[in-house]
Amino acid sequence: MKTDLFPLLAALTAQKFSGGIFLMAALVVVGLTTYLILTSRTREEKYAAKKRVYGLRARYFIGLSVILLVALVISLRFLPYERYQAKPDQTVTVVAMQWTWKMAAGSSDQTPLEFTGSNEISLPAGKNIRFVVASADVNHNFAIYNSQGVLVAQTQAMPGYRNELAYRFPEKGDYMVICLEYCGGPHTIMTGKIHAL
Ligand code: CUA
C-alpha cells in the first residue's frame, strides 16, 4: 500500500475504517432526527420539514453514491488477490460444523461429514496457503484473526460448496479462527487456532 498517498487510511484497519464511516453516518441520522424534533411543532411545520428532508435525502443519496464510486475505484488496486495468485505451497482442507472446525493438511475427497481434522493446526509462515473450505451442516464463516485481533482473511463455509481462500501468513504467531456467520446458539464458541511457524 502506498502509505505516502493515504497515510491516514493506511494507519487504519479495514474494521476501524468502516466503523468510523458507520459512526459518522449514524451521527448524521441522529443529528437530522434531533433537528426535526426540535424544529417541528405544528402540522404545517412538520410538513415543511418533511419536504426539506426529502430534498436533502436525494442530495445525500447522490453524494453518497459519488463517494462510494470514487472509493471503489481508489480501493480496487489495493485488493490483495494478485499477491496470492501464485501456485499454492500448501493446501489445507477446512470443514465447518456446529460448532467446531475440522482442519487438516492436504486436499480431501471425503464428504464434509466423513472428514476428520482438528480445530488446531500448524502451518508455515511466509508460504502461499490455499484453504479449501466446506461445511458439514449450515452456513458458517471461516475468518482468520491475527494476534492483534485484526481480521486478516475470511470466506463463507457453505453446505454443498468448496470455497477457496488463499492466504500467506506474514509472520510467525498464533492466529484465531472465528466463525463470522451466526450458526446457532453456541456460535460464539466456534473457534479454532492456527499456529504459523
Ligand atoms: Cu459457525 Cu457461527
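## The cavity

A search of the whole structure turns up one cavity of 30 Å³ or more. The model is a predicted one, so every value here is computed from its coordinates. The largest cavity has a volume of about 40 Å³. Which residues line the largest cavity? They are Thr93, Val94, Val95, Ser108, Gln110, Thr111, Pro112, Phe115, Ala134 and Arg162.

By class, that lining holds five nonpolar, four polar and one charged residues. Strand β1, which covers residues 90-97, gives the most to the lining of the largest cavity, with three residues.

## Phe115, one of the lining residues

Let's stay with Phe115, which is among the residues around the largest cavity. Where in the chain is Phe115 placed? Phe115 sits in the loop between β2 (100-105) and β3 (120-123). Is Phe115 buried or exposed? With a relative accessible area of 6%, Phe115 is buried, because the cut-off for buried is under 20%.

Setting aside neighbours within four places in sequence, Phe115 is in contact with Thr93, Val95, Lys102, Met103, Ala104, Ser108 and Gln110. Of these partners, Thr93, Val95, Ser108 and Gln110 also appear in the lining of the largest cavity. Phe115 and Gln98 are 17 residues apart in sequence, and their C-alpha atoms are 14 Å apart in space.

## A cis peptide bond

Gln98 is worth a second look for its backbone. The peptide bond from Gln98 to Trp99 is cis, with omega near 0°. Trp99 itself has its place in the loop between β1 and β2.

## Two buried histidines

His140 lies in strand β5, residues 140-145. At 0% relative accessibility, His140 counts as buried. Which residues does His140 touch, not counting those up to four places away in sequence? The partners are Ala96, Met97, Gln98, Trp101, Ser135, Gln156, Ala157, Cys179, Glu181, Cys183 and Met190. Gln98, on one side of the cis bond to Trp99, is thus one of the residues that His140 touches.

His195 lies in strand β9, which covers residues 191-196. With a relative accessible area of 18%, His195 is buried too, because the limit for buried is under 20%. Leaving aside neighbours within four places in sequence, His195 is in contact with Glu120, Ile121, Ser122, Leu123, Gly173 and Asp174. Among these partners, Glu120, Ile121, Ser122 and Leu123 fall in the range given for β3 (120-123).

## The second largest pocket

Now for an open space and the helices beside it. The second largest pocket holds about 280 Å³ of space. It is lined by 14 residues, and those that lie nearest its centre are Leu32, Leu36, Val53, Leu56 and Arg57. By class, the lining of the second largest pocket has nine nonpolar, two polar and three charged residues.

Which elements each supply at least two residues of this lining? They are α2 (14-39) and α3 (43-76). The largest share of the lining, eight residues, comes from α3.

Helix α3 is also the place of Lys50. Lys50 is partly exposed, with a relative accessible area of 46%. The C-alpha atoms of Lys50 and Ile189 are separated by 46 Å, and the two residues are 139 apart along the chain.

## The chain as a whole

Stepping back, the secondary structure of the protein chain comes to three helices and nine strands. From the N terminus on, the order of elements is α-α-α-β-β-β-β-β-β-β-β-β. Why is the chain described as more spread out than a compact globule? Its radius of gyration is 23 Å, whereas the globule rule gives 16 Å for 197 residues, so the chain is well over that value. Along its principal axes, the C-alpha trace spans about 70 × 45 × 25 Å.

Of the 197 residues, 25% count as buried, with Phe115, His140 and His195 among the buried residues described above. The chain exposes about 13,100 Å², of which carbon and sulfur atoms supply 63%. Among contacts with a separation of 6 or more, residues 24 or more positions apart account for 58%.

Methods
Residues numbered from 1 in each chain as written. Predicted model: local features only at pLDDT ≥ 70, side-chain atom pairs only at ≥ 80, totals over all residues. Heavy atoms only, no water. 1 Å grid on protein atoms, 1.4 Å probe; cavity = no way out; pocket = protein on both sides within 12 Å on 5 of 7 lines; lining within 4 Å. Points joined across faces, edges and corners; volume = space filled by probe spheres on them. Helix = DSSP H or I, 4+ residues; strand = E, 2+ residues; numbered from the N terminus. Nonpolar A, V, L, I, M, F, W, Y, C, P; charged D, E, K, R; others polar. Rg over C-alpha atoms; globule rule 2.2 N^0.38 Å. Buried < 20%, exposed > 50% of the residue type's maximum accessible area, 1.4 Å probe, protein only. Contact = heavy atoms within 4.5 Å. Areas by Shrake-Rupley, 256 points an atom, 1.4 Å probe, with all protein chains shown as cover.
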